[in-house]
Amino acid sequence: MKKEESIEATVEDSATELTDKTGESSEPEPVQDSGIVLAGEMLPPSLPILPVRPRPFFPGIHIPLQIGEHQLDIVNWTLESPHRTLGLLFVKSSDEEDSPENLHTVGVAAKILKAFKDEDGTGHILIGCLERFTVHDFKETEVGVFAEVEYHPALPTSADEELKAYSMAVITALKELMKTSPLQSEAIKLFLTHSSMEDPGRLADFSSSLTTADGQELQQILAEFDLRNRLDKTLVLLRKELELSRLQQKITKQIEERMSAQQREFFLREQLKAIKKELGLEKEGKTAEIEKFERRLRHLKLNDEALKAVEDEMQKLSILEPASPEYSVTHNYLDWLTILPWGKQSKDNFNLDRARKILDRDHYGLEDVKERILEFIAVGSMKGDIAGSILCLVGPPGVGKTSVGMSIADAIGRKFYRFSLGGMRDEGEIKGHRRTYIGAMPGKFIQALKTAGTSNPVIMLDEIDKIGASFRGDPASALLEVLDLEQNQAFRDHYLDVPFDLSNVLFVTTANQIDTIPGPLLDRMEVIRLSGYIREEKVEIARRYLIPKALRRHGLTRSQVTIYKSALTTMIDGYAREAGVRNLEKLIRRIMRKAAMLFATPSQTQKRVTVKKGKLDEYLGKPVFTDEELLEGKPGIVTGLAWTSLGGATLQIEATAVGSKQKGFKQTGQLGNVMVESSEIAYSYVRANVEQFGGTLDFFDTRFIHLHVPAGASPKDGPSAGITMATALISMMVQKKARSKLGMTGELTLTGRVLPIGGVKEKVIASRRAGLKTLIFPGANRNDVDELPDYLRDGITFLFANEFGEVFQWAFKR
């Protein structure tokens with residue numbers, strides 16, 4: 001503490017002494033004015049060293065310095081010395097200590113003109129830089145670092161034209177810098193007023209000190225004793241400073257222009273708003289919103305409950321502040337209520353001829369489906385409306401269920417909206433979320449009405465058989481209210497919380513199968529089945545729709561790409577056997593892509609691509625399917641007909657017997673529970689009537705029976721293979737093959753009755769693809785077969801059995 005007090009006293013005494021000597025002036029005494037004694041001869045040969053950073057100082061410059069606590073000893077020593085001069089050396093690295101090794105050897109001698117302390121105890125000195133010096137030797141003491149120095153005073157220069165030219169260039173650069181740097185213009189003016197070109201060294205030092213150059217660059221100029229080189233380096237720094245200053249000025253101007261434009265726009269907008277308000281052309285935001293809602297209400301026909309809710313919410317909105325959270329909730333609610341098409345309906349068009357043309361235009365085949373739709377429209381023309389109708393289009397993927405729904409909307413002149421229910425697990429998607437939740441919105445049906453703009457659109461609910469359930473609720477149960485004709489007249493969405501009439505909406509749903517649709521939901525819908533397409537229909541669909549569509553999408557023309565009918569037939573049989581045409585469309589697109597690549601290749605000169613039957617391998621690879629070879633001529637093999645969600649299929653059921661001491665029966669082929677039961681019924685029925693079918697009583701007692709349904713990787717289930725399994729067991733038992741080109745389907749009971757089955761059309765399509773000529777169906781399915789179009793029945797003999805005995809006679813008696 002004593003040392004600090006003495007330092008403070010010393011600094012204060014020195015400051016007082018300095019003030020007494022210098023008065024009010026802070027300029028250093030001139031040391032060369034007499035021209036007799038050089039400054040170097042008046043300065044001490046040994047100087048206390050004060051390291052400086054982040055840049056060195058130049059002779060002739062007065063500058064204040066802040067003194068660190070570790071530098072107080074050297075400053076106090078200097079103040080007590082008679083010459084009060086210390087040496088300023090720039091550090092080599094700012095990150096290292098102030099040791100002699102970290103100091104440059106060229107610096108400037110500076111005289112302390114004034115010293116004082118702040119209230120917080122920080123020391124400050126005002127120094128006047130005098131002359132350059134070079135260090136010959138460093139010496140470290142308790143006080144600090146001292147150095148033996150040699151001074152390099154500024155000597156008078158002769159009238160050198162080159163130096164004069166350098167000086168003029170520096171002065172010109174300084175004058176340019178005055179224009180671009182207002183902060184330095186006053187210092188430059190003052191210097192140019194009191195200096196001349198006869199002192200180029202001082203000119204170079206002053207100019208260098210003005211720049212924002214790096215400390216190491218300035219040190220190079222300080223250490224340059226040759227005036228020409230020093231002036232040259234100074235000019236380089238001044239040019240860099242000029243470029244930097246111009247760039248800074250440009251950036252500043254851009255920012256000012258941008259700010260000025262924004263401020264101008266802001267003031268103009270405020271003035272415009274004030275003028276409009278004064279003239280009554282514009283109102284407050286809240287008032288304008290309320291008037292917007294009122295204008296909407298003039299064109300709507302709300303029910304009493306909805307109208308009261310609107311009036312209450314508008315009254316609430318008028319007293320709420322726009323910054324209130326409740327304001328946005330109320331505003332959004334009113335926006336939804338007033339944007340819905342209350343009482344707005346599009347006019348239905350029940351012209352049957354027009355509807356038939358649209359259906360024929362958009363779809364080939366599906367005559368039974370078109371007939372059902374036309375009947376549906378005809379009923380609407382008699383009633384005057386088709387309100388309350390819910391259609392369910394069921395069929396395999398790619399048969400055109402979604403496009404049929406769009407055609408229905410087009411035929412009757414209604415707006416169309418579609419959304420998928422597949423994977424939906426949240427009841428809120430159907431009935432909306434309550435307004436108390438953040439981000440709450442109405443359900444899909446209210447959103448559909450808003451988008452359609454009418455209260456009687458056609459809304460398609462896609463994939464209704466794939467709807468799910470979770471802890472968020474059961475969407476299928478929520479749909480019951482929507483699809484119930486007695487309830488949807490006052491459908492209440494959770495968000496709106498007012499009744500909306502959905503009875504005028506025509507709902508069209510789609511599904512691949514009806515087994516997974518909940519019973520109460522299925523009960524509310526009228527099912528229309530789309531069974532799929534046969535080969536001939538697929539060929540026509542490809543020629544009329546798929547190929548032209550693919551050509552347009554790939555930027556090609558009919559003259560560039562031609563696909564022969566025989567190639568289409570082979571493509572359908574070998575690559576796209578599914579009931580729909582989705583895979584067929586993908587194959588056609590693949591051909592178009594290869595053709596486009598061929599035409600786009602510069603080295604290719606081919607201008608036309610012709611796809612023939614024999615060239616399909618080049619475009620599509622090897623066929624995925626081979627011809628269904630019926631394994632005929634072998635006992636124990638019988639062809640059955642099956643229905644799957646992908647359409648109809650043929651199953652060749654095989655039976656064999658293995659000699660064994662114990663009887664037994666097993667089934668393979670990944671059969672479902674129902675199909676396993678059918679096989680056991682067939683086994684029991686044949687055993688019970690073994691002699692009637694030409695077998696011996698002990699046949700099954702001494703053999704283990706194995707029944708297999710090929711394609712074991714594919715799950716199979718259903719009751720319609722009963723008579724086929726029984727026939728396969730009999731064929732195996734009597735070692736007699738069944739009739740050639742024969743297929744059958746039907747459920748068998750233990751007493752030998754043949755029960756009806758489903759999927760008749762799909763099974764007939766599959767039998768045509770497999771080349772079967774005779775089909776056995778249950779007698780109860782005669783009407784289903786009679787309803788089939790002629791092109792499906794042509795070339796096939798249909799037999800109808802009520803008892804299995806008839807099946808046995810037709811299969812084995814020729």
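In which helix does T724 lie? In this predicted model, T724 belongs to helix α24, which spans residues 722-734. T724 counts as buried, because its relative accessibility is 1% and the cut-off for burial is under 20%. Leaving aside residues up to four places away in sequence, T724 is in contact with V638, T639, G640, I653, M744 and T745.

**Helix packing**

Two packed helices are described by the angle between their axes and the distance between the axes. Two such pairs are considered here, one of which involves the helix that holds T724.

Helix α24 packs with helix α28 (residues 804-812) at an angle of about 55°, and their axes are 11 Å apart. The angle is neither under 35 degrees nor within 65 to 115, so α24 is oblique to α28. The crossing of these two helices is right-handed. On the side of α24, the contact is made by I723, A726, T727, I730 and S731, and on the side of α28 by F804, V807, F808, A811 and F812. Classified by residue type, the contact of α24 with α28 has 8 nonpolar and 2 polar residues, and no charged ones.

The second pair consists of helix α4 (residues 161-180) and helix α6 (residues 200-210), whose axes come within 10 Å and cross at roughly 30°. Since angles under 35 degrees count as roughly parallel, α4 is described as roughly parallel to α6. The crossing of α4 and α6 is left-handed. From α4, the residues S167, V170, I171 and L174 meet P200, L203, S207 and L210 of α6. This contact of α4 with α6 comprises 6 nonpolar and 2 polar residues, again with no charged residue.

**Nonpolar cores**

In soluble globular proteins, nonpolar side chains tend to be buried together. The largest nonpolar core of this model has 55 residues, and within this core I563, M571, I588 and M592 touch the most other members. Helix α19 (residues 535-553) gives the most to this core, contributing 7 residues. For I588, the contacts beyond four places in sequence are A542, L546, I547, A550, I563 and M571. Two of these partners, I563 and M571, are themselves named with I588 among the core residues that touch the most other members. A second core, separate from the largest, contains 52 residues, including L317, Y327, C392 and L483.

**Backbone features in loops**

Which peptide bond is cis, with omega near 10°? The bond in question runs from R53 to P54. P54 is placed in the loop between β1 (46-52) and β2 (62-67).

Positive phi values in residues other than glycine are found at E463 and at D497. The table sets out the backbone angle, loop and accessibility of each.

| Residue | Phi | Loop | Relative accessible area |
|---|---|---|---|
| E463 | near 55° | between β9 (458-462) and α17 (475-483) | 25% |
| D497 | near 60° | between β10 (491-492) and β11 (499-500) | 40% |

Are these residues buried or exposed? E463 is partly exposed, because its relative accessible area is 25%. D497 is likewise partly exposed, with a relative accessible area of 40%. Both assignments follow because the partly exposed class lies between the cut-off for buried, under 20%, and the cut-off for exposed, over 50%.

Notes:
Residues are numbered from 1 along each chain as its sequence is written. This is a predicted model: local features need pLDDT of at least 70, side-chain atom pairs count only at pLDDT 80 or more; totals for chains, interfaces and linings use all residues. Side-chain values use heavy atoms; hydrogens and water are left out. Helices (H or I, at least four residues) and strands (E, at least two) are DSSP runs, numbered from the N terminus. Buried means under 20% relative accessible area, exposed over 50%, partly exposed in between (1.4 Å probe, protein chains only). Contact means heavy atoms within 4.5 Å. A nonpolar core is a set of buried Ala, Val, Leu, Ile, Met, Phe, Trp, Tyr and Cys residues joined through side-chain atoms within 4.5 Å. Axes are lines fitted to C-alpha atoms, for helices over the stretch in contact, and angles run from 0 to 180 degrees between N-to-C directions. Angles under 35 degrees count as roughly parallel, over 145 as roughly antiparallel, 65 to 115 as roughly perpendicular and the rest as oblique. A crossing is left-handed if the near helix is turned anticlockwise from the far one by less than a right angle, and right-handed if clockwise. Ala, Val, Leu, Ile, Met, Phe, Trp, Tyr, Cys and Pro count as nonpolar, Asp, Glu, Lys and Arg as charged, and the others, Gly among them, as polar.
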